[in-house]
Amino acid sequence: MPSIRESIIGRLESMTQLPSMNRTVQQVQEQLSRGENSASGAASIGSIIEKDLGLSAKVLKIANSVFYSGRFGRIGDVKQAVARLGIEEVGRICTTVGSMQLFKGSSGIIDLKDFWKHSVGVAIVMRYFAQKVDMDKSKAHNAYVAGLFHDVGIMVLDNFFNDIYKTVREAGKSQPLMLYKLEREILGIDHGEIGSLLLHRWRLPEELCDAVAWHHAPDQCPEEFRRMAQLIHVANFTCSALGIGEPGDEIIQTSSDGAWHDLSLDTNDLNKIAEAVEEGIAQSGVFVSLSL
C-alpha cells in the first residue's frame, strides 16, 4: 500500500485538474527574463497583455487604483500603462494578477485573501532583497516570481487534498511545530516540495523550482540554487515577523542564521526593512483587493 507521500505525488503526476500557467503571463515573463527595457520591448509587452481581455482589464484596474493614480493620472490602455509605469512594474502586475486567477477558491481551510497578501508581500520583499544583493534585472524578476509562488503548494493541498490537509491544519493548533514540519510528519511531504512539482509542470526555471522546494531549509538546497532559496527564506521570515498575511504557522517562524549570513543581511535591520518595503506592502493589499 503506497504511503500518503507516494499517493500525493502519484495523484499530482496524473492529475488533469491542476491549473496551467496563463499563456499571457508566460509570454510576459519570457520578455522580462531577457531584461529588455527598450521602446520595442515595451510595445511588445503591451501587445501581449492587450490580447488577453480579462487580464488587461485587471491590469488597468490596478494601474488606475489610488495607489498609482496620484502619481500617474488616469491610464487609458495597457500600452499607456507600460509607458507610464514601466515594463517591469506592468510585468509584475500582470504576473501577480494572473497568478491569483489560477486557483478559483479555497475549501475554507485557509483564508484566501491572507494567503495572497502574504505571497505578494514575500514577492515584494524579495524584490527589495534582490536589490540589496545586487541581482541583475532578469534574476530580480525571477526572485519576484519565486516569492509569489513560494507557498503555492498550500493552494494545491487546499484545493485537491483538502480532507487530509485539514488534519494537518487541525494538528497545528495543538502541536508546537511549524507548518512545513507538520506536513512532513503527517503527509511525508511539505508544501514547498509540492509547489516545486507544480512549477516543474509549468516549466519554470530550475532555480525557481528548487528554491521553492527548499525555502524552509535553504541551507540544504543544491549550492547552485541556494542563494535564491535563502532569499525566499529571509523574505518569508520578514513578512511573517511583520504580520503580513497568513503563512499557516501557529507558532513564530524561525529563520536560518546561515541564510542571513551568506546574504550579508542582518535580522537586526528588520525595522529598516519594514520602512523600506512599507509602500510595497501597501501595494500588495491593493493587488489582492482588486484581483480576487
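This passage covers the nonpolar core, one helix pair and the cysteines of a predicted model. Residues are numbered from 1 along each chain as its sequence is written, and side-chain values use heavy atoms, without hydrogens and water. Local features need pLDDT of at least 70 and side-chain atom pairs pLDDT 80 or more, whereas totals for chains, interfaces and linings use all residues.

The largest nonpolar core (buried Ala, Val, Leu, Ile, Met, Phe, Trp, Tyr and Cys joined through side-chain atoms within 4.5 Å) has 100 residues. Buried means under 20% relative accessible area, with a 1.4 Å probe and protein chains only. Met126, Phe129, Phe149 and Val156 have the most contacts inside this core. Helix 8 (residues 112-132) gives the most to it, with twelve residues. Helices are DSSP runs of H or I, at least four residues, numbered from the N terminus. Beyond four places in sequence, Val156 touches Leu12, Leu18, Phe103, Phe161, Ile194 and Leu198. Contact means heavy atoms within 4.5 Å.

Helix 2 (residues 23-33) and helix 9 (residues 137-149) have axes that come within 8 Å and cross at roughly 145 degrees. Axes are lines fitted to C-alpha atoms over the stretch in contact, with angles from 0 to 180 degrees between N-to-C directions. Gln29, Leu32 and Ser33 of helix 2 meet Ser138, His141 and Val145 of helix 9.

The whole structure has zero disulfides (cysteine sulfur pairs within 2.5 Å). Cys94 cannot bond because the closest cysteine sulfur, in Cys209, is 20 Å away, too far. Cys209 is also in no disulfide; the nearest cysteine sulfur, that of Cys221, lies 11 Å away. Cys94 is buried, at 0% relative accessibility. Cys209 is buried, with a relative accessible area of 0%.

Conventions: Buried < 20%, exposed > 50% of the residue type's maximum accessible area, 1.4 Å probe, protein only. Helix = DSSP H or I, 4+ residues; strand = E, 2+ residues; numbered from the N terminus.
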